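Please look over the sequence and the model below before reading on. The report that follows takes up aromatic rings, a residue of interest and a pocket in turn.

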Amino acid sequence: MGKNAYYFPHDCNASRDPKILQMCSVYKSEGYGWYWMLVEQMREQENYKLPISGKYAIDAYAMRMYCDGIALHKFIDDCVNEFLLFKKDNDY
């Protein structure tokens, strides 16, 4: 049986990117895993954007990622505002 999944390449040295290193200095390998889980989910979306509007949107992603919703909210906020890994508007 074939796999029905999207494929996307990424740099094998992504873990040495200065922004990723800064994020990992705070969130360790757990943050690195969360980062790639979010990127994988973005890849599945049209225009590579995750919908985050709605009171429980990020909590739903946290459930899918087996992590705490409050922690994921903070992580995403830091990835946007501190580490500049993601961009955010009101909806995505």
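## An aromatic cluster and the ring pairs

In this predicted model, Y27, W34, F75 and F83 come together as one aromatic cluster. Counted by the rule used here, which asks for ring centres within 6.5 Å, the aromatic pairs number 7.

One of these pairs joins Y32 and W36, whose ring centres are 6.3 Å apart and whose planes stand at 80 degrees to each other, an arrangement described as edge-to-face. Where do these two residues sit in the chain relative to one another? Both belong to helix 1, and because they are 4 residues apart there, about one helical turn separates Y32 from W36.

## Burial around W36

W36 has a relative accessibility of 15% and is therefore counted as buried, since the cut-off for that word is under 20% relative accessible area. Its partner Y32, with a relative accessible area of 24%, is described as partly exposed.

W36 also pairs with Y35, and here the ring centres lie 5.1 Å apart while the planes meet at 80 degrees, so this pair is likewise edge-to-face, given that planes over 60 degrees apart are counted in that way. Y35 has a relative accessibility of 12%, and it too counts as buried.

## Q41 in helix 1

Is Q41, a residue of helix 1, buried or exposed? Its relative accessible area is 5%, and Q41 is therefore buried, as that value falls under the 20% cut-off. If the neighbours within four places in sequence are left aside, the residues in contact with Q41 are L50, Y61, R64 and M65.

## The largest pocket

Rolling a probe the size of a water molecule over the atoms shows where empty space is left. In this model the largest pocket holds about 190 Å³ of space. Its lining is made up of 13 residues, and those closest to the pocket centre are M42, L50, F86, K87 and Y92.

Which helices each supply at least two residues of this lining? They are helix 1, which covers 18–43, and helix 3, which covers 69–81. When the lining residues are sorted by chemical character, 10 are nonpolar and 3 are charged, while none is polar.

Two of the residues closest to the pocket centre, L50 and Y92, also appear in other parts of this report. L50 is among the contacts of Q41, and Y92 has K49 lying over the face of its ring, at 5.5 Å from the ring centre.

Methods: Residues are numbered from 1 along each chain as its sequence is written. This is a predicted model: local features need pLDDT of at least 70, side-chain atom pairs count only at pLDDT 80 or more; totals for chains, interfaces and linings use all residues. Side-chain values use heavy atoms; hydrogens and water are left out. On a 1 Å grid over the protein atoms alone, a cavity is a set of points where a 1.4 Å probe fits but cannot get out, and a pocket is an open set with protein on both sides within 12 Å along at least five of seven lines; lining residues have an atom within 4 Å of a point. Grid points are joined across faces, edges and corners, and a volume is the space filled by probe spheres set on the points. Ala, Val, Leu, Ile, Met, Phe, Trp, Tyr, Cys and Pro count as nonpolar, Asp, Glu, Lys and Arg as charged, and the others, Gly among them, as polar. Rings of Phe, Tyr and Trp (its six-membered ring) pair if their centres lie within 6.5 Å; planes under 30 degrees apart count as stacked, over 60 as edge-to-face and the rest as tilted. Buried means under 20% relative accessible area, exposed over 50%, partly exposed in between (1.4 Å probe, protein chains only). A charge sits over a ring if NZ of Lys or CZ of Arg is within 6 Å of the ring centre and within 35 degrees of the ring normal. Contact means heavy atoms within 4.5 Å.
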